[in-house]
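This report is for a reader who is meeting this structure for the first time. It goes through the salt bridges, the cores, the strands and a few single residues.

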Amino acid sequence: MLTNRTGVMAAATLCAALGIGYFMQPSAAPETRQVVERTEPVTDAVDELPLEKITLTSAQSHVPQETLSQQSPVQPCELHAQATAQPGAVVALNVVAPCMSGARLTVHHNGLMFSEILNAEGHLNVQVPALSESAVFLIDADQGKGAVATVQIPDFESVERVVLQWQGNTGFELHAREFGAHYGDQGHVWHGAETVGAGTVHRLGDASLLAARQVEIYSIAKHPDSMSGQIALTIEAEVTSQNCGRDVSAQTMEFQQGQLRTRELQLNIPNCDATGDFLVLNNLIENLKIAQN
């Protein structure tokens, strides 16, 4: 239940960064050997051995045949990705690497990043709201392997989207109150809502991973069939034992008139005696205006 909310104004600036790298070096030690000279007495007499019944034969190997055959080289494990367009400008992303069970992945898409792991069979299937009409997905694995998947989104222009993303245990949440709805009402849409609204909040990223990258995306049709009006959007942060007394950061992404706008935000979480409270960050995301068909 959402209680004890405190309004906070936060400044935001535009920036973005990303980087990755890998390296190794061998060593060797000198080898020391001791040479021992051995002297044997020389005798003048040499016994002669008679050579009898000599048979000449060709050399034949008695090594089993299977040990002589060369083993086929081990094939490297490859990472494969496929993207399929779904209704509502959503992409079904399928990643396969059978020999990388449990491997950690980072999925990149148009500035969006989230962390996932492959299951016991080396598969990942996830639904991702598209952030561009020509959607490109880069999958980066910890072992240095990667894959790319692309797909065209025919209905991309039919939806409005707002993105909130962060890394680690920050407590951030994206909330939408549609057409005058209050907290807890039908039309209050967030990832833990028990009621259905006109839009949806989609959360991506495995929160159980260390320093996991996570994303929340609010999506709604630009011209719904039955309702119109304003949607109030807020970013909230719950004070927990994992984030209390810390500085946390996040990034927002908004699409306005066909352009993507990003904002960086930083927030100082109160001390742990405020655990259970919620901070409400106002005016960081512009409210959406939705017109009926």
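A salt bridge is a side-chain nitrogen of Lys or Arg within 4 Å of a carboxyl oxygen of Asp or Glu. The model shown is predicted, and it holds four salt bridges. One of them is formed by the side chains of Glu157 and Lys222, at 3.5 Å from N to O. This pair links distant parts of the chain: Glu157 belongs to the loop between β9 and β10, Lys222 to the loop between β14 and β15 (229-238), and 65 residues separate them. With a relative accessible area of 52%, Glu157 is exposed, whereas Lys222 is partly exposed at 23%.

Three of these bridges are set out below.

| Salt bridge | N to O distance | Separation in sequence |
|---|---|---|
| Glu157 and Lys222 | 3.5 Å | 65 residues |
| Glu216 and Arg203 | 2.5 Å | 13 residues |
| Glu286 and Arg261 | 3.5 Å | 25 residues |

In the bridge between Glu216 and Arg203, Glu216 sits in strand β14 and Arg203 in strand β13 (residues 200-204). Glu216 is buried because its relative accessibility is 0%, under the 20% limit. Arg203 is partly exposed at 33%.

The side chains of Glu286 and Arg261 also meet in a salt bridge. Glu286 lies in the loop between β18 and β19, and Arg261 lies in strand β17 (residues 259-268). Both ends count as partly exposed: Glu286 has a relative accessible area of 41%, and Arg261 has 25%. Salt bridges with shared partners join Glu254, Arg261 and Glu286 into one network.

**Overall make-up**

The secondary structure consists of one helix and 19 strands. The protein has 293 residues, of which 38% count as buried. Its accessible surface comes to about 18,700 Å², and carbon and sulfur atoms account for 50% of that area. Among contacts between residues at least 6 apart in sequence, 67% join residues at least 24 apart.

**The cores**

The largest nonpolar core has 35 residues, and Leu93 and Phe137 have the most contacts inside it. At least two residues of this core come from each of β4 (90-96), β5 (104-109), β6 (112-117), β7 (123-129), β8 (134-141), β9 (146-152), β10 (159-167) and β14 (213-221). Strand β8 gives the most, with four residues. Leaving aside neighbours within four places in sequence, the contacts of Phe137 include Leu93, Val107, Val128 and Ala149. A second, separate core of 29 residues includes Leu174, Cys244, Leu288 and Ile290.

**Strand β8 and its partners**

Strand β8 runs antiparallel to β5, and four bridges join the two. Thr106 has Asp140 of β8 as its bridge partner. Strand β8 also pairs with β9 in the antiparallel sense, over seven bridges; here the bridge partner of Ile139 is Ala147 in β9. β8 and β9 form a hairpin with four residues between them, and Gly144 in the turn has a positive phi of about 90 degrees.

This hairpin also takes part in the surface. Val136, Leu138 and Val148 form a nonpolar patch there, with about 250 Å² of accessible area together. Val148 lies in strand β9 and is exposed, with a relative accessible area of 54%.

**A buried residue in β10**

Is Leu164 buried or exposed? Leu164, found in strand β10, counts as buried because its relative accessibility is 0%. Leaving aside neighbours within four places in sequence, Leu164 is in contact with residues including Phe172, Leu174, Val215, Glu216 and Ile235. Leu164 and Tyr218 are 54 residues apart in sequence, and their C-alpha atoms are 8.7 Å apart in space.

**Two loop residues with positive phi**

Most residues other than glycine have a negative phi. Phe179 is not a glycine, yet has a positive phi of about 55 degrees; it is found in the loop between β11 (172-178) and β12 (188-189). Asn283, also not a glycine, has a positive phi of about 65 degrees. Asn283 is found in the loop between β18 (278-282) and β19 (288-290), and counts as exposed at 58% relative accessibility.

Technical notes:
Residues are numbered from 1 along each chain as its sequence is written. This is a predicted model: local features need pLDDT of at least 70, side-chain atom pairs count only at pLDDT 80 or more; totals for chains, interfaces and linings use all residues. Side-chain values use heavy atoms; hydrogens and water are left out. A nonpolar core is a set of buried Ala, Val, Leu, Ile, Met, Phe, Trp, Tyr and Cys residues joined through side-chain atoms within 4.5 Å. Buried means under 20% relative accessible area, exposed over 50%, partly exposed in between (1.4 Å probe, protein chains only). Contact means heavy atoms within 4.5 Å. Two strands pair if DSSP finds at least two bridges between them. Patches are made of residues with over 30% relative accessible area and no salt bridge: like charges are joined within 9 Å, nonpolar side chains (Val, Leu, Ile, Met, Phe, Trp, Tyr) within 5 Å. Accessible areas come from the Shrake-Rupley method with a 1.4 Å probe; for residues, only the protein chains shown count as cover.
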